[in-house]
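Keep the sequence and the model side by side as you read. The paragraphs below walk through the fold strand by strand and then turn to the loops.

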Amino acid sequence: MKRKLLALMIVPMLMLVCGFALTGCGGKNGTNGTNGTDGKSAYQIWLDNGNTGTENDFLNWLKGQNGTNGTNGTNGTNGTDLTAHTHTFGGWKVFIQPTEIQDGYEIRTCSLCGHLEIRVSATAGLTFNAISGGYEITGYTGTSANVIIPATYNGLPVTHIQTGAFQDNIIIKNVTIPNSVTDIGQSAFQDCTELKSVIIFANVASIRALTFSGCTNLESIVIPESVTTIGNWAFNDCTKLAAIFYGGTDWDLVSIGTNNAPLASVDKYCGDEWHFVNGVPTPK
Ligand SMILES: [Zn+2]
């Protein structure tokens, strides 16, 4: 009996051992499978879905739709209407200094549009002499009949016209004296027989003796309100003198010396009875 039981126990044990012992060693790997077919590109898939177009069309198709428009910006400020403005000029500035052969020029510009104006501010041929605080005019060697005396020379005011500075000059016809001049010397224009018109701006205190004596063609003169006295013989022989344009309102306040007969009968326009029209003194 014991032997039979033992046998019964051994048999399953052997079967177990043999079961393991019967398993073969690992077999060889199989051969590689064949490659699958290539996948499709996204573009091809897109085409397969019924779309048509190039790759670029496809790429564009991928992009999102356009966004909505942004809101409008705020309005800009109004520009300046340059077609309808009154020029706003700064003061005249010396542009070219006068010499004995070169007229002097001044320029001014509009601060709004840059419009530039230029004017002759001094006539070539004037001769200058430095004096205390500025310059005096000593003479005229120019050929122009129109003489403009500058208000400044070398950056300093022209304050005086020397005694006899233009005496016997038979070329000059029109003379303009700026308000920088405070004194016109005696006989300054004596016997300037072609002289027709003179404009003296403010600040001269007197017209000295003989200043215009013998100016037989002198027709008109602007005399500023600053003038309080007219010297003897100042307008002697000014037989064509027709008009005095006086800056003050009462000509009778001016003290008039002897031998100035033309002043008695000449037409006198005072204060606002006259004005400049294109630079020419004109009765209103
Ligand atoms: Zn302008």
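Along β9, which side chains point to one face and are buried, and which point to the other and are not? V175 and I177 share one face and are buried. N174 and T176 take the other face and are not buried. This fits a general pattern. In a regular strand the side chains alternate between the two faces of the sheet.

Before going further, a word on confidence. This is a predicted model. Its mean pLDDT over the chain is 88, and 89% of the residues score at least 70. One stretch needs care. Residues 14-21 stay under 50, and there the model has 0 contacts beyond four places in sequence. Where pLDDT is low, the predicted coordinates should not be read in detail.

Now the chain as a whole. It contains 4 helices and 19 strands. It has 284 residues, and 24% of them count as buried. Take the contacts between residues at least 6 apart in sequence: 36% of these join residues at least 24 apart.

Return to β9 and look at its partners. Strands of a sheet pair through backbone hydrogen bonds, either parallel or antiparallel. β9 pairs with β6, residues 146-148, in the parallel sense over 3 bridges. Here I148 has T176 of β9 as its bridge partner. β9 also pairs with β11, residues 197-200. That pairing is parallel too, over 4 bridges. In it, I177 stands opposite I200 of β11. I177 is also one of the buried residues of β9, whereas T176, the partner of I148, is on the face that is not buried.

Another sheet lies earlier in the sequence. It is open, has 3 strands in the order β1-β2-β3, and is antiparallel. β1 (93-96) and β3 (116-122) are the edge strands; each has a single partner strand, so one side of each is left without a neighbour in the sheet. From one strand to the next, the twist averages 40°. β2 covers residues 104-109 and pairs with β3 over 6 bridges. Within that pairing, I107 has I118 of β3 as its bridge partner.

Next, the loop between β8 and β9. T163 lies in this loop. Is T163 buried, exposed or partly exposed? T163 has 18 C-beta neighbours inside 10 Å, so it counts as partly exposed. Setting aside neighbours within four places in sequence, T163 is in contact with G185, Q186, S187 and A188. R208 is 45 residues from T163 in sequence, yet their C-alpha atoms are 9.6 Å apart in space.

D168 sits in the loop between β8 (156-161) and β9 (174-177). Its phi is near 70°, a positive value in a residue other than glycine. D168 is exposed, because 12 other C-beta atoms lie within 10 Å.

A second aspartate with positive phi is found further along the chain. D237 has a phi of about 65°, although it is not a glycine. Where does D237 lie? Its place is the loop between β14 (229-230) and β15 (243-246). D237 has 19 C-beta neighbours inside 10 Å and therefore counts as partly exposed.

Technical notes: Residues are numbered from 1 along each chain as its sequence is written. This is a predicted model: local features need pLDDT of at least 70, side-chain atom pairs count only at pLDDT 80 or more; totals for chains, interfaces and linings use all residues. Helices (H or I, at least four residues) and strands (E, at least two) are DSSP runs, numbered from the N terminus. A residue is buried if 20 or more other C-beta atoms lie within 10 Å of its own, exposed if 12 or fewer, and partly exposed in between; C-beta atoms are placed from the backbone. Two strands pair if DSSP finds at least two bridges between them. Axes are lines fitted to C-alpha atoms, for helices over the stretch in contact, and angles run from 0 to 180 degrees between N-to-C directions. Two residues are in contact if their C-beta atoms, placed from the backbone, lie within 7 Å. pLDDT is the predictor's confidence in each residue, from 0 to 100.
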